[in-house]
Amino acid sequence: MYSLYFIAKNNLKKKKSDAFVLTGLITLSALLLYISISTLSNMGKVVEKAYELTNTADWYMLTSETATDNMEEIFDDQGDVESFEKTSAYYVVKSGYIVNGERSENDYTFLLALADEERNISRIYSEYEGELFDDEILLPYYMKSALKVEAGDRFSFEIGGHTYDFKVKGFHEDPLFANPMNVSVYRCYVTDKRAKEMAAEEKSSILPYMECKAKLKEGTESNRFLMEISDAINEKSPEATQTFNFSFIWSSMRYGDTMSASIGMGIMLVFAVLLIGIALIITRFNIGNFCEMNIKNIGILRASGYKESQLTGSFVMEMFLVSLTGSIVGLCASVLTGGFLGRLMSSIIGLSWNQGFDPKSAAVVMAVCIPVTMAVAWHSSRKCVKLPIVSALRSGMADHNFHKNYFPLEKSRQPLAMNLGLKSVFYAKAKNLGILLIVMLLGVVCCIGFGIYQDFAVDTDNLLKHVGMELGDVFYLGEDLKEFGQEVEKCPEVDKVLYEGSGDIKLLYGGKETAVTCDFWNRPEFLKNETIIQGRAPEFDNEIMLSVVICEELGIEVGDIVYVKGMEKEMDYILCGIDQKINNMGRKALMTTAGEERLNGGSTCGQLCVYAKEGVSDKELAKLLNDKYPQREAVEGKKMSGESLKPVILVMKLLCIIFMAVTAFVVSLVVFLLLKTKIVREKKNYGVYKALGFTTGQLLMQTVLSSLPVIVSGALLGSLLCDLVAGPLAGICLKSIGIYQYQMHVDGIYKIITLVFITGTAFLVAVLTGARIRKIQPVKLLAEE
Amino acid sequence: METILTAKDLCKTFSQGKLQQHVLKNLNLEIEKGDFVVIMGSSGSGKSTLLYALSGMDKPTLGSVKCMGEEITGYGNDKLAVFRRNHCGFVFQQNYLNDTMSVLDNIMVSGLLADKNRKRIAERAKELLSKVDIGKEAWNKFPTQLSGGEQQRVAVVRGIINSPALLFADEPTGALNSRNTGHILDVLTELNKEGQTIVMVTHDMRCARRGNKVKYLSDGVITGELFLGDYESGDKKRHEELRLFLQEMGW
C-alpha cells in the first residue's frame, strides 16, 4: 500500500496545479452538495421546532367575529380535536409600512394579534421578553431576516393617509405565517388598547376578526378532519364560511413555509451533481494527459516489476487523496459559510435557522464524492497501464499516429492562426467533444438561471399566473361587496369587475373523497392568472374546474361527473376543465357564482377584482376609486403581490447568481486546464515556432483559437438547446408543487448574454493562461536537449 | 564577396546568482554570401551559443550582430521573430517537427509566415521535398510515420522554405545514423552549391569536411580558421588538412 501511496504522492507533486484545480472543483461540488442536502434535510426540523415551541395550531381559521359564537360547540363535538381556542385579531386590509422613516415600496396586508390575550395554541415565541407597551410592536421574524428591520427601530403603519408609530420591541416566529409565500399576511402583536384605537380610526381598512385555532389528536388524518370540520361549520355556522375568511391546516402549511427554499435547494442539488459530473470528466482528462506525458515512466515501472493493478491502484490512490482533500475542504468551507447560509435560509423561510453542522449530510457528501472519483480514476487509467511495456518505453501512444490531417494548410482558406487552432481542436476530437458537452450543459444551466430569473423574478405577471393569485388591477376585501361592485363597474375608467367568494367543498368521485377550497367567480372566463391545461373555464352552473393535483388524486378526467357536497346539498357537476396552481399546494376547485348558488342556495363575495380600461394605470385607478369611495380601501394588486412574492424572487435571483458564478468558475477551470496542458505538452513546438519566426502574439492567438471554437460552439449549442431542455428540466422540478404545464421562456437577449458571458470568460482565461507562452525561450528549450 | 553577417566584440555571459560564466568573449566574425561555415570546438566551448546569438534567437550580453544590413542587437523579441522569419532558416539536432501535423503542413506553417500565398508555398514545399527525396506518398503522412533520416530532411526543407539568406544548422546529424548523416550532408552541400549560405555547428569531422570555412572556437573566442575551398567528394587532401587543423587546435 505504501508503494501505491508513494507513486501517487509523486504523481501529485508532478502536476500540482492540475491537482489543485481538481481539488478546487471537488471542494465546490462538496460544498454545494452539502449545503443542498443538509438544508433539504434540516428544513423540516427547523419548522418542526418552531411548531413545537409555539404549539402551532393544526387547524386555523380567520373569520368574522360574529360568525364564531358557536364555534366551541362545533369543536367539542369533534372527536379528533384535542383543544380549541379563539383569539381576537384585527385584519389590516392594506397598509404601507415605514421603517426608520423609509417607506416600503409595496403595500401589504397585516394581521394585528393582541399581545395581552392569553393563548395556548400558536403562542408567542420570541427571544424578546417582557411586557409589550402600547407604543411597541412584535413583528414577524421574516421582517428581521429578510427585510433587515432591527429591534428598537421605528415602525409605522400608513393607513388611509394616517400613520401609526411603534417602536419595534422584537420579532416572533410563527410557522403558520412564517413568510409571505405561505400566507400573504404579516402577523404582528400589538396591545389590545392600541389595536382598538387604530380600528376605530380606520373602519374601512382595519376589520375585527377572530382567529379560531385547534390542536388535533396525534394520528388524526388531516384530510378527513378537514372534510368533517367543513361539513360541521357549513351546517352549524354557515356565516363563518360565507363572510371573508381564510382557513388552513398545518399539514399543508408546513410545506408552504419551505416551498421556495426547497425549490431553490433542489435546483442547487441538481447543479452540485452536475459539477461532480464535470469533475469526473476533468479527472478523466487529467489521467489521460498524465499517462500520455509519462508513458515512458509507466513503461519503466512496468518493466521493473509493477503489476497493472498496482499502477491502476496508484492512480486510484491519487484521486482518493484529491477527492478526500476536496471533500474535507468543501465541508470545512460549509462550516465557515454556515452563518451566511443560516441568515439566507432565515430570510427565505422566515424562521430562525438554528441548525449546526450535520454529520449525516457530510457523510453522504463523502460517500458520493470519493468513491465516484476513485471509480473514474480506475476506469481511466486502465487503458494506459495495459499498454505493452515495449510500446510504453517507446513513448507508446505517440508512436502510432493515424489521425486524419484535418484542415490541411494547402487547401484551407482560414487565417493561419485560426487554421492551426482548428487543427488542434480536431486533433483531440474526443477530448474536445467532452468539453463541448460540459460547456453546452453549463450554457443550458445558465439559460435556466436566466429563464427562472425572467419567469419568476422579472415577469411577476407570469409568476402570479403560476401561483394562481388573482388580484385584479385593484382589489377590495371585506363584506357586502356585491352592490358596491356594481357601483364600481359603472365608472368609465373601469373595464370590468369580478367577484370572488370561497368556501370549502367536498368532492366525491369513484369511491374517493377529498376536501378542497373552492373559489367562486362570477365570470371565470375573464380571470387573468388562470392557467387551464385542459378543457375550459366553467360557464354554466353545473360545471366545475379542478386543479391537476386533485384530478390526479381522484383519477377524474374532463367530461366526468363529480359529486360536490356543499353546505346544504350534494350536487353533480361536470368537470369542464383542469387548471394548475401553486397556492394551497395546488389543491383548488373553481366554479361560477351560479354554480355556488346551485350548491349552497346563495353566493358569497369576499373579494372584488377591478380591471382598468386600457390607458388607465393601476395607480390612477386606485386613486380614483379611493377618492370616489373613501369608505372602502382600494388596493393596487401589483403592490400587494410584490411583497408576497419577495421570497420567491430572492431565491430565483440567488439561483441565477450562483449558476452564473459556478459557470464562470467551471469554464475558467476547463479553459485553464486545457491550455495549460497544451502549453506544457507543446512547449517544444512553441519554442521551435518562435525560433522559426512566430511572434508571441501569433502563438497566443493560435492557442486561444485552439480552445475558443469548442467553448463558443458549446455555449451556442447550450443557448440554442435551452428552449428544448430547460423547460422540461424546470418542469420536472415544478411538477412537485402543482405546476404541470410550464413553458420556460428565455429571451433572446439572455441567450446572447449567456453566449457572451461564457465566451468572454473563456477568452479572458485563455489569454491569461496563454500569457505563459511569452516566457518560453527557444534557446533554453534547445539547450535542454 | 558580399558580407552578409558581421559579429563584433560579441560577449555572452550567463549568470546564476553570484556565479558568472563568460561563454563568448569579445568574439568577432564575418560570414560572406555563399559560405558554408562550420563552427567546431570542444563541448562547452560556446558553439551553439554563438549560433543562437548570430541568428537572433538569443541576445548577446555585449557586442553587435549585423545581418543583411540590419543591426539586430537592439531588437525586441517580436522584431527578432520577424527578422528570423525573413532571413534565417534553422535545422536542429532533433527535427522538432510537430507530430500533430502532416509533413506538408509542417513545412507550410513556416512558409506561410513570410508568404501568404498558400498555393505558391505548397508548390515550393512539394518541389523542395522532392528535391530531398521525400516522395509524394509521404507528404500527407505524419512525422512519426517517417524514418529519422526522412524526418530530418523534412526539417531541412522547413528551414529553407522561406529562401533564407542564412541557414543555421545546429548539429543537424547528431541524432542520425551514418547512412542518414551522409544523406543530410549531401542535401546541405547541394543547397550550398546552389548559393545557400550555411552556418553549421558540429563536432563531427565528416560534417566539417563539407564546409568551405572551418572556425574553431575555444573558451569563447575563435582561435583558428581554416579555408578548405569547395567540397568535392573523395578529396583526401581536404580531409588531411582538416585533421591537421583540428590537431593543431587541440581537438
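## A buried leucine in chain A

Helices here are DSSP runs of H or I at least four residues long, numbered from the N terminus. By that reckoning, Leu311(A) belongs to helix α10 of chain A, which covers residues 308–336. Keep in mind as you look around that this is a predicted model.

Is Leu311(A) buried or exposed? It counts as buried, because 21 C-beta neighbours sit inside 10 Å and the cut-off is 20 or more. Setting aside neighbours within four places in sequence, the contacts of Leu311(A) are Ile298(A), Leu301(A), Tyr306(A) and Val385(A). Take Ile298(A): 13 residues separate it from Leu311(A) in sequence, and the C-alpha to C-alpha distance is 8.0 Å.

## Chain B at a glance

Now over to chain B. Its secondary structure adds up to nine helices and ten strands. Of its 251 residues, 50% are buried. Look at the contacts in chain B with a separation of 6 or more, and 68% of them come from residues 24 or more positions apart.

## The open sheet

Four strands of chain B make an open sheet, in the order β2-β1-β4-β5, with antiparallel pairing. Its edges are β2 (19–32) and β5 (70–71), each of which pairs on one side only. As background, strands of a sheet pair through backbone hydrogen bonds, either parallel or antiparallel.

If you want to trace one pairing by eye, try strand β1 of chain B (residues 3–16) against β2(B): they are antiparallel and share ten bridges. A handy marker is Lys12(B), which stands opposite Leu24(B) in β2(B).

## Strand β3 and its parallel partners

How many of the residues of β3(B) are buried? Six of six, so to speak a mostly covered strand. Phe36(B), Val38(B) and Met40(B) point one way, while Val37(B), Ile39(B) and Gly41(B) point the other way, and all are buried.

β3(B) has parallel pairings with β8(B) and with β9(B). With β8(B) there are four bridges, and Val37(B) stands opposite Val199(B) in that strand. With β9(B), residues 213–218, there are five bridges, and Val38(B) has Val214(B) as its bridge partner.

## Helix α7 of chain B

Helix α7 of chain B runs over residues 178–193. Does its length fit or clash with what you'd expect at 1.5 Å a residue? It agrees: the 16 residues should span 22 Å, and the end C-alpha atoms are 22 Å apart.

Buried residues in α7(B) are Ile184(B), Leu185(B), Val187(B), Leu188(B), Thr189(B), Leu191(B) and Asn192(B). For reading a list like that, an α-helix has 3.6 residues a turn, so residues three or four places apart point the same way. The cover over these buried residues includes β3 (36–41), α6 (148–160), β7 (166–170), β8 (197–201) and α8 (205–208) of chain B. After α7(B) comes Gly195(B), with a positive phi near 110°.

## Where the two chains meet

The contact between the chains uses 27 residues from chain A and 32 residues from chain B. On the chain A side, the elements giving two or more residues are α14 (396–399), α15 (416–427), α24 (683–692), α25 (696–735) and α27 (778–784). Which of these gives the largest share? That is α24(A), with six residues.

By class, the side of chain A that touches chain B has 13 nonpolar, eight polar and six charged residues.

Notes
Residues numbered from 1 in each chain as written. Chains lettered and ligands numbered in written order. Predicted model: local features only at pLDDT ≥ 70, side-chain atom pairs only at ≥ 80, totals over all residues. Buried ≥ 20, exposed ≤ 12 C-beta atoms within 10 Å, placed from the backbone. Contact = placed C-beta atoms within 7 Å. Expected span 1.5 Å × (residues − 1). Pairing = 2+ DSSP bridges. Nonpolar A, V, L, I, M, F, W, Y, C, P; charged D, E, K, R; others polar.
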